[in-house]
Amino acid sequence: MDLTSTLYGYLGVIIFVGAYALVPLENSIHLRKSKPVLFAAGAIWLLVSMAYAAIGDTHTAHDAIKESLLEYAELFLFLLAAMTYINAMEERNVFQRLRSLLVSKGFSLRKIFWITGGLAFVISPVADNLTTALLMGAVAMAVGGKNKRFIAIACINIVVAANAGGAFSPFGDITTLMVWQKGKIAFTEFFAILVPSVVNWLVPALIMGMFVDKGVPAPLKQDVTMKYGAWTIMGLFLATIVTAVSFHNFFHLPPAAGMMFGLSFLGLFSYHIKRHENRSLKYDGILGVRDKDCNGNGNSDFSPFDIMKKISRAEWDTLLFFYGVILCVGGLSQFGYLAKVSEFMYTDLGATWANVLVGVLSAIVDNIPVMYAVLTMDPTMPHGQWLLVTLTAGTGGSMLAIGSAAGVALMGTARGVYTFGAHLKWTPVIALGYGASILCHLVINRALM
């Protein structure tokens with residue numbers, strides 16, 4: 001029903017806009033982004049229920065919110081399993097080992113610029129763009145030292161590369177995951193936007209690379225050893241990805257079910273790690289060296305591996321934020337706002353221009369609510385257009401520092417160096433890459449349009 005002109009509908013929009021306006025200010029006002037959107041989600045659905053009750057309908061709101069809850073449950077379980085694996089690999093020093101190798105090689109700043117960008121593009125399809133950006137950003141900051149100009153431009157390059165790399169993989173970004181779970185694009189079909197994703201990163205990287213200093217900083221001496229079971233956990237993570245894809249493609253089950261099945265692999269192996277490390281502690285205690293961990297490193301607070309601790313260290317603020325976003329958008333959809341937006345964008349403007357606009361909006365609003373809104377509107381369009389909106393939503397956020405989780409996270413870790421203003425200086429160059437990637441897609445995938 002069209003409830004867009006009711007008082008309930010107007011209040012719902014005002015609450016959503018007010019709550020979401022606080023999200024980009026998280027780092028300055030120190031209010032976690034999940035809190036305002038959680039409030040907005042509850043308030044909007046109260047308004048939806050009241051609006052339907054006013055016309056004598058007491059069932060529609062109940063059934064509609066259950067659909068939104070199911071959408072969130074699948075996303076939540078998938079991300080919980082992925083985050084647990086990432087936390088486990090971090091605890092086993094997988095990422096620290098990679099970082100130590102890079103900072104101790106004595107590469108020039110220009111080489112570090114390209115290495116961190118290239119690795120961000122390659123790793124983000126598997127480890128997600130947020131984790132990848134934080135890892136490569138740490139490398140850039142360690143090598144750059146007091147060279148703020150290099151750190152800023154390296155971080156911009158990393159954000160663009162991580163977002164572009166995540167765009168052609170269901171595991172690379174929340175938006176691509178939502179598209180895959182909705183069944184709009186099959187797992188292997190994402191690779192159709194691989195070349196446009198490369199173009200999206202390379203065009204601005206080639207221009208920015210010309211402004212990077214060729215100096216060679218002194219190599220940092222870092223020697224980090226991966227802990228027992230690290231390689232096996234990496235293998236289990238890849239097996240979990242295969243399991244999730246198989247559940248979806250061959251058994252027609254939700255990918256989240258495959259991810260949770262894969263989480264059991266880690267759970268069983270963690271039992272073996274725990275027993276191994278307990279035996280090591282007991283043996284060291286007999287020898288009087290109990291203050292060392294099982295790798296011989298001094299650590300009086302060492303405790304054996306515990307998978308429940310890795311689950312507890314998931315990004316709960318992010319997971320709750322997704323809950324708020326999905327329910328907010330679902331509630332506004334019940335008022336009828338998304339139907340009107342869909343008619344304007346995909347009927348009046350046309351699918352191509354609408355999908356280009358989605359990417360621009362994602363830089364301002366964040367790509368998650370924008371993509372979820374598109375999926376909720378579910379416009380009728382060719383397969384190539386679904387690939388296009390996946391590309392634009394995944395990469396459009398690179399144009400502003402606040403447009404993606406990777407950018408927001410790096411602004412927090414490189415505070416005062418990588419800033420909104422520093423990123424904004426390069427927005428025209430990044431927009432050039434954005435436009436080039438769209439043209440590339442329209443040319444190489446024209447048969448799908």
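## Around Asn355 and its helical neighbours

Asn355 has 0% relative accessibility and therefore counts as buried (under 20% relative accessible area with a 1.4 Å probe and protein chains only; over 50% is exposed, and in between is partly exposed). The model you are looking at is predicted, so local features need pLDDT of at least 70 and side-chain atom pairs count only at pLDDT 80 or more, while totals for chains, interfaces and linings use all residues. Numbering starts from 1 along each chain as its sequence is written, and side-chain values use heavy atoms, leaving out hydrogens and water.

Let us start with the helix that holds this residue. Asn355 sits in helix H16, residues 351-365 (helices are DSSP runs of H or I with at least four residues, numbered from the N terminus). Beyond its neighbours within four places in sequence, Asn355 is in contact with Tyr346, Met381, Gln385, Leu388, Val389, Thr392 and Tyr434, contact being heavy atoms within 4.5 Å. Asn355 has buried company in H16, including Ala351, Ala354, Val358 and Ser362. In general, an α-helix has 3.6 residues a turn, so residues three or four places apart point the same way. The buried residues of H16 pack against helices H15 (337-349), H17 (367-377), H18 (383-395) and H21 (427-444). Just after H16 comes Asp366, with a positive phi of about 100°.

How do the lengths of H16 and H14 (residues 316-335) agree with the expected spans? The 15 residues of H16 reach 20 Å from first to last C-alpha, close to the expected 21 Å. For the 20 residues of H14, 28 Å is expected and the end C-alpha atoms are 29 Å apart, which agrees. The expected span is 1.5 Å times one less than the number of residues. H14 is mostly covered, with 16 of its 20 residues buried, and is followed by Gly336, whose phi is positive, near 105°.

Two helix pairs deserve a look. The axes of H18 and H21 come within 11 Å and cross at roughly 165°; here axes are lines fitted to C-alpha atoms over the stretch in contact, and angles run from 0 to 180 degrees between N-to-C directions. That makes H18 roughly antiparallel to H21, a label for angles over 145 degrees. In this contact, Gly384, Leu387, Leu388, Leu391, Thr392 and Thr395 of H18 meet Tyr434, Ser437, Ile438 and His441 of H21. By class, these residues divide into 5 nonpolar, 5 polar and no charged (Ala, Val, Leu, Ile, Met, Phe, Trp, Tyr, Cys and Pro are nonpolar; Asp, Glu, Lys and Arg are charged; the others, Gly among them, are polar).

The other pair is H4 (residues 60-91) and H11 (residues 230-249), packed at about 165° with axes 10 Å apart. H4 is thus roughly antiparallel to H11. Their contact has 10 nonpolar, 1 polar and no charged residues.

Finally, here are some loop residues and their exposure.

| Residue | Loop | Relative accessible area |
|---|---|---|
| His252 | between H11 and H12 (255-287) | 67%, exposed |
| Asp378 | between H17 and H18 | 39%, partly exposed |
| Thr380 | between H17 and H18 | 85%, exposed |

Most residues other than glycine have a negative phi. His252, not a glycine, has a positive phi of about 55°, and Asp378 also has a positive value, near 50°. Thr380 leads back to H16: its C-alpha atom is separated by 9.0 Å from that of Ala351, 29 residues apart along the chain.

Conventions. Parallel < 35°, antiparallel > 145°, perpendicular 65-115°, else oblique.
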